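Hi everyone, thanks for making room for me this morning. Let me put the sequence and the model on the screen, and then we can walk through them together.

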Amino acid sequence: MNDLSADHYFRVIEAKLEQIKAFVGRERSLLMSILESMYRFSYGYVAGATGAAAVFPIDLVKTRIQNQRTNPSASGAMYKGYIDCFLKVLRNEGFLGLYRGLLPQVIGVAPEKAIKLSVNDFVRDKFYDYKGNIKYRYELLAGGCAGCCQVIVTNPLEIIKIRLQTAGEAAGGRKVRARKLIRDLGIVGLYKGVRACFVRDITFASIYFSSYANLKKWFANKDGYNNPFSLLAAGTCAGVPAAALATPFDVVKTRIQVIPRPGQMTYDGVVDTVQKIMKHEGPIAFTKGALARVCRSSPQLGITLFIYELLQRFFYVDFGGRASAGSSQALSQRRRLQPANVDHVGAYAFAVPVFTGIQTKFGITFPKFGTSSPIPQPQPQSQNED
């Protein structure tokens, strides 16, 4: 049996040990579970802030297009499309106008993304079987739980961001302070439109995280390893269907939360908003901002998940739980075990990786028996006679 066979056995044994370790790891202490969640939350915070800042101008354009109450072809329309909106903001409000509401967005989106990422990972960990598999319905459930939990942060963040982003058109460019908005809205006002926010975030997160997990597997190499490029590709591609399918709920939420300009229609609740949009603008209005939403959400989440995964790889801490899928380097790239003696075949070639794997995983050291010095042989008795 050659060294390739030894490497194959080592691969199989290590995979089984990882499965057993992950399955048994569910019984770890509550403290370790809390520490792991805090660890993931901190990395999610950094990743979320970075991703949000990278695509904020696209988000501003998306919000203003969604808030437009008439068709782009109408004479009273402020913006004719995405590019027209971008250029008008740039011309009328300057370059910094593209970043209206950035500070509360970065401050707020970081914990929002941290909650989303850490809750999704936490719930998924509870549904893996000992083989490391998880059913699709549990992937959707984990994503839905993540989307539900993030609303506590998302809704106040969204209503402040939207009102800052639309301040340039609603108040003639007059500067609006986030602090004043919070004071004027109060606790109840900060959760205006929360029902639409719940539906949007649960729908989005369920689709996104299940798509991301499966795309990671598809982009992984033959040993299940995801390089950084495949992580970025999986995160970006997963955002396309999630953002597109959640857009109607985002339109409803935006209409409820924004301050209407004089003469614009007002909305009262989710049902009232849906009915008025259908009556006056038709079903096509529910797709407003879909392209900008996809162009914003896909790269934002791609960057966020990319940074989140890499932080866990570069600064890995083992809390006895499950490592991120696709984060282990391919075993075939490691040094293959070389038989100590080419004359030993069969059982010896199998035993070497078995005992090596056991020692590596459980910290056991088996006794070593060396043969460097020859075993003394009995000398024949002398035949000399007295």
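Let me start with a question: how are α9 and α10 oriented to each other? Before I answer, some bookkeeping. This is a predicted model, where local features need pLDDT of at least 70 and side-chain atom pairs count only at pLDDT 80 or more, while totals for chains, interfaces and linings use all residues. Residues are numbered from 1 along each chain as its sequence is written, and side-chain values use heavy atoms, with hydrogens and water left out.

Now the overall picture. The protein chain has 13 helices and zero strands, so reading from the N terminus you get α-α-α-α-α-α-α-α-α-α-α-α-α, because helices here are DSSP runs of H or I with at least four residues, strands are runs of E with at least two, and numbering starts from the N terminus. Of the 386 residues, 44% count as buried. Buried means under 20% relative accessible area, exposed means over 50%, and partly exposed is in between, using a 1.4 Å probe and protein chains only.

Back to my question. The axes of α9 and α10 are 8 Å apart, and the helices pack at an angle of about 160 degrees. Axes are lines fitted to C-alpha atoms, for helices over the stretch in contact, and angles run from 0 to 180 degrees between N-to-C directions. α9 and α10 are therefore roughly antiparallel to each other. For the cut-offs, under 35 degrees is roughly parallel, over 145 is roughly antiparallel, 65 to 115 is roughly perpendicular, and the rest is oblique. The crossing of α9 and α10 is right-handed, a term used if the near helix is turned clockwise from the far one by less than a right angle, with anticlockwise giving left-handed.

Helix α10 has another partner in α12: their axes are 7 Å apart and the packing angle is about 140 degrees. That angle makes α10 oblique to α12. Here too the crossing is right-handed. Elsewhere, helix α2 (residues 30–54) and helix α5 (residues 102–125) have axes that come within 7 Å and cross at roughly 140 degrees. So α2 and α5 are oblique to each other, and their crossing is right-handed.

Next, the charges. Side chains of opposite charge can pair when their charged atoms come close. Our rule for a salt bridge is a side-chain nitrogen of Lys or Arg within 4 Å of a carboxyl oxygen of Asp or Glu, and by this rule there are 23 of them.

One pair joins α10 and α12: Arg293 bridges to Asp250, with the closest N and O atoms 3.6 Å apart. The partners come from distant parts of the chain, Arg293 in helix α12 and Asp250 in helix α10 (residues 228–257), 43 residues apart. Both Arg293 and Asp250 are buried, and these two belong to one network of salt bridges with shared partners, which also includes Asp59, Lys62, Glu158 and Arg200. Arg293 has a relative accessible area of just 3%, and its C-alpha atom is 9.2 Å from that of Val61, 232 residues apart along the chain.

Glu158 and Arg200 form a salt bridge of their own, at 3.4 Å from N to O. This pair also links distant parts of the chain, with Glu158 in helix α6 (residues 136–165) and Arg200 in helix α9 (residues 194–219), 42 residues apart. Glu158 is buried at 8% relative accessible area, and Arg200 is buried at 4%.

For a pair within one helix, look at Lys116 and Glu112, whose side chains meet at 3.7 Å, N to O. They are four residues apart in helix α5, so about one helical turn separates them. Lys116 is buried at 5% relative accessibility, and Glu112 is buried at 4%.

Finally, the surface. Phe249 in helix α10 is partly exposed at 31% relative accessibility. Phe86, in helix α4 (residues 82–93), is partly exposed at 33%. Phe86 helps make a nonpolar surface patch of about 620 Å², together with Ile83, Leu87, Leu90, Phe95 and Leu96. Patches are made of residues with over 30% relative accessible area and no salt bridge, joining like charges within 9 Å and nonpolar side chains (Val, Leu, Ile, Met, Phe, Trp, Tyr) within 5 Å. Accessible areas come from the Shrake-Rupley method with a 1.4 Å probe, and for residues only the protein chains shown count as cover.

Thanks for listening!
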